[in-house]
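Here's a quick briefing to read alongside the coordinates. It goes through a strand and its partners, a pair of packed helices and a loop with some unusual backbone angles.

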Amino acid sequence: MPESVDAVEMQAALLRLRRTSGLPVAFGGLLSDSRHARIAEVSGARTGALRGLVISSGSGLGGKSIALSRPCAVTDYRSSRHISHEYDTAVAAEGLRSVVAVPLVVRREVRGVLYGALREPLALGDRTFDAAVAAARDVEQALVVRDEARRLLAASRPEPDAAPGAAGAWEDVREAHRELRALMPKVLDPVLRDELLAVCGRLASATGAREPGAREVRLAPREIDVLACVAAGATNAVAADRLGLRPETVKGYLRSAMRRLGAHTRLEAVVAARRAGLLP
């Protein structure tokens with residue numbers, strides 16, 4: 001199965017590319033294996049000729065960009081001598097002439113390709129190249145988040161024979177919970193986000209059910225995120241950096257959580273959250 005970035009994220013990058021560059025058409029897709037990318041998202045097209053097109057490494061403009069791992073462009077696709085022409089039929093059907101292709105590269109590995117195009121044979125300037133590269137960086141960041149989410153999900157699955165009381169085990173659980181909570185707001189894919197949320201719930205209840213006598217408390221997701229950072233020893237400034245918030249916002253969430261938990265200090269809030277089964 002090919003890895004995927006949420007279609008919403010890819011479409012958003014293509015729309016930003018069109019808006020910032022003035023290019024009327026943008027499209028892109030991820031590699032399904034080491035040599036082939038499938039065009040899954042298209043913005044501004046007049047036909048369906050581009051959607052579903054499979055690009056082979058080294059073939060056409062996008063394939064050249066994938067093979068060289070760098071942006072490539074042509075002023076007139078149909079007459080260019082610097083690329084092969086396996087995809088001329090689809091390109092001509094859409095009326096594309098001037099085209100730029102930018103590879104999506106994560107940790108030195110090409111993971112896909114983004115295109116922007118004009119229907120006129122005009123030279124593309126630096127502004128257009130910069131906009132195409134910026135759009136590619138957006139999708140690359142989404143891939144990084146997806147990779148991290150998968151890594152944390154895999155790390156959060158307990159070994160079949162793992163002993164709950166093993167030395168350091170609970171600290172590992174708490175660290176995994178904190179990292180997952182910090183990552184979740186960056187994940188746009190609702191299916192993956194639900195899976196992350198479910199894993200956080202399992203980690204939070206890893207020590208067992210809510211303690212007898214502990215009152216039931218409901219906290220907002222961001223309040224739990226902040227408490228998870230505080231439980232790991234983070235200051236408000238560090239928590240803000242991890243969660244992509246302002247320190248004043250973190251302070252507000254922490255103050256609200258303390259009030260709901262009936263706590264007077266940060267430590268009391270963490271202890272109360274654990275007793276309520278909200279933190280591992």
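Helices and strands here are DSSP runs, at least four residues (H or I) for a helix and at least two (E) for a strand, numbered from the N terminus. With that in hand, Arg108 can be placed in the loop between strand 6 and strand 7. Keep in mind that this is a predicted model.

**Strand 1 and its neighbours**

- Strand 1 covers residues 25–30, and six of its six residues are buried.
- Neither face is left open: Val25, Phe27 and Gly29 are buried on one side, and Ala26, Gly28 and Leu30 are buried on the other.
- One partner is strand 7 (residues 109–118), which pairs with strand 1 in the antiparallel sense over six bridges.
- Strand 3 (residues 41–43) also runs antiparallel to strand 1, and three bridges join the two.
- Gly28 is a handy spot to look at for both pairings: it stands opposite Leu114 in strand 7 and opposite Glu41 in strand 3.

**Helix 7 against helix 10**

- Helix 7 (residues 221–231) and helix 10 (residues 266–275) have axes that come within 10 Å and cross at roughly 115°.
- Angles of 65 to 115 degrees count as roughly perpendicular, so that is how helix 7 sits relative to helix 10.
- As for handedness, the crossing of these two helices is left-handed.
- On the helix 7 side, the contact uses Leu227, Val230 and Ala231; they meet Arg266, Ala269, Val270, Ala273 and Arg274 in helix 10.
- Sorted by type, the residues of this contact come out as six nonpolar, no polar and two charged.

**The loop between strands 6 and 7**

- Arg107 is found in the loop that links strand 6 (98–106) to strand 7.
- Its phi is positive, at about 50°, even though Arg107 is not a glycine.
- Is Arg107 buried or exposed? It counts as exposed, because its relative accessibility is 62% and the cut-off for exposed is over 50%.
- Arg108, also placed in the loop between strand 6 and strand 7, has a positive phi of about 70° and is not a glycine either.
- The relative accessible area of Arg108 is 83%, so Arg108 is exposed as well.

Definitions and conventions:
Residues are numbered from 1 along each chain as its sequence is written. This is a predicted model: local features need pLDDT of at least 70, side-chain atom pairs count only at pLDDT 80 or more; totals for chains, interfaces and linings use all residues. Side-chain values use heavy atoms; hydrogens and water are left out. Buried means under 20% relative accessible area, exposed over 50%, partly exposed in between (1.4 Å probe, protein chains only). Two strands pair if DSSP finds at least two bridges between them. Axes are lines fitted to C-alpha atoms, for helices over the stretch in contact, and angles run from 0 to 180 degrees between N-to-C directions. Angles under 35 degrees count as roughly parallel, over 145 as roughly antiparallel, 65 to 115 as roughly perpendicular and the rest as oblique. A crossing is left-handed if the near helix is turned anticlockwise from the far one by less than a right angle, and right-handed if clockwise. Contact means heavy atoms within 4.5 Å. Ala, Val, Leu, Ile, Met, Phe, Trp, Tyr, Cys and Pro count as nonpolar, Asp, Glu, Lys and Arg as charged, and the others, Gly among them, as polar.
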